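Me: I would be grateful for a close look at the cysteines of this protein and at the strand residue beside them in the discussion. Please begin with the chain as a whole and then move to that part.

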Amino acid sequence: MDTATEYGRLVIAPREALFAHVVALAEAQRQRRASRHFTWALSGGQTPQDWCRWAAQPGALPPELVAETHFTVSDERMVTLNDAQSNFGNAERLLLSPLGVPREHRHPWVVAYEPAAAAEAYRRTWLILAGPGASYDVCMLGLGDDGHTASFFPGTPLFTDDGGLPFAAVDAGAKGWRLTITPTGLRTCGSIIVMVLGSGKAEALRRVLRGNEEWSQVPAKILATVSDRVTWLVDEAAAARL
Ligand code: 6PG
């Protein structure tokens with residue numbers, strides 16, 4: 001199923017078809033990109049890990065796409081790359097290293113600095129890499145059980161004021177400090193892909209796409225503001241309550 005919604009395009013299909021769809025969306029974006037280098041932010045959490053394993057298989061990603069892409073992650077925790085909680089560390093272990101992506105095409109957030117300085121250092125790197133006013137050509141996101149996406153947790157201060165900057169550090173309470181793309185950053189992404197898999201996400205997805213709560217309580221609703229570039233890739237289990 002492929003339909004238009006207030007929050008972007010909604011594609012409901014079996015996992016393997018969704019995984020291949022990610023590649024098609026990235027390729028389409030590569031053909032129309034305007035930025036200096038082609039950039040792709042993978043998402044954090046558990047959900048993308050199966051996709052990474054699939055994408056690391058020979059032939060899953062076109063070699064010319066891999067060769068051209070600069071990889072990063074759309075949000076990060078303040079942990080080192082060897083930590084199992086590191087989003088970029090997991091992307092490296094499951095995808096970038098198996099594919100042989102060169103060091104100069106890997107762009108982790110610099111977690112050695114204190115959070116605000118880490119976000120600023122990343123912003124400067126991105127300015128050089130992607131050019132002024134550009135964030136990611138492809139931005140992958142996940143959906144948390146509480147309706148969060150990226151590091152926009154319920155009650156996030158980033159919805160009131162993100163400083164007009166594409167990236168920020170945010171205090172996520174019990175989850176600690178996070179580094180994340182901001183609402184401003186989302187507006188300059190090329191293609192935004194939200195992958196939602198498994199029955200554990202069904203209620204959160206219903207609250208985003210069908211519920212009437214405020215954005216501040218269900219932060220993924222902010223994607224309505226960039227719906228022209230959003231594709232939701234949802235498996236049948238996650239779509240069960242729509
Ligand atoms: C992170 C991201 C988060 C994630 C969703 C889904 O955890 O680093 O901030 O937005 O993409 O919470 O995560 P799961 O797939 O682990 O449920």
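Reply: The account below goes from the whole chain to the cysteines and then to Ser191.

The model is predicted. Its protein chain contains seven helices and ten strands. The radius of gyration is 16 Å, close to the 18 Å that the globule rule gives for 242 residues, so the chain is as compact as a globular protein of that length. Along the principal axes, the C-alpha trace spans about 45 × 40 × 35 Å. Of the 242 residues, 55% are buried. Among contacts between residues at least 6 apart in sequence, 72% join residues at least 24 apart. The accessible surface comes to about 10,200 Å², and carbon and sulfur atoms account for 52% of that area. As for charge, the chain carries 23 positive and 26 negative charges, and the mean positions of the two sets are 1 Å apart.

With that setting in place, the cysteines can be considered. A disulfide is a covalent bond between the sulfur atoms of two cysteines. Here, a pair is counted when the sulfur atoms lie within 2.5 Å, and by this rule the count is zero disulfides. Cys52 takes part in no disulfide, and the nearest cysteine sulfur, that of Cys139, is 14 Å away. Cys52 has a relative accessibility of 5%, and because buried means under 20%, Cys52 counts as buried.

Cys189 also has Cys139 as the partner with the closest cysteine sulfur. The separation between these sulfurs is 4.2 Å, which is too far for a bond, because the cut-off is 2.5 Å. At 5% relative accessibility, Cys189 counts as buried.

Ser191 offers a further view of Cys139. This serine lies in strand E9, which covers residues 191-196. With a relative accessibility of 4%, Ser191 counts as buried. In sequence, Ser191 and Cys139 are 52 residues apart, yet their C-alpha atoms are 6.2 Å apart in space. Cys139 is also one of the residues in contact with Ser191 once neighbours within four places in sequence are left aside. The other contacts of Ser191 under that condition are Leu25, Gln29, Asp137, Val138 and Arg229.

Taken together, Cys139 appears in each of these comparisons: its sulfur is the nearest cysteine sulfur to that of Cys52, its sulfur is the closest to that of Cys189, and Cys139 is in contact with Ser191. Even so, the chain has zero disulfides by the rule used.

Key:
Residues are numbered from 1 along each chain as its sequence is written. This is a predicted model: local features need pLDDT of at least 70, side-chain atom pairs count only at pLDDT 80 or more; totals for chains, interfaces and linings use all residues. Side-chain values use heavy atoms; hydrogens and water are left out. Helices (H or I, at least four residues) and strands (E, at least two) are DSSP runs, numbered from the N terminus. The radius of gyration is taken over C-alpha atoms; the globule rule is 2.2 Å times the number of residues to the power 0.38. Buried means under 20% relative accessible area, exposed over 50%, partly exposed in between (1.4 Å probe, protein chains only). Contact means heavy atoms within 4.5 Å. Accessible areas come from the Shrake-Rupley method with a 1.4 Å probe; for residues, only the protein chains shown count as cover. Lys and Arg count as positive and Asp and Glu as negative; His and the chain ends are not counted. The place of a charge is taken as NZ of Lys, CZ of Arg, CG of Asp or CD of Glu.
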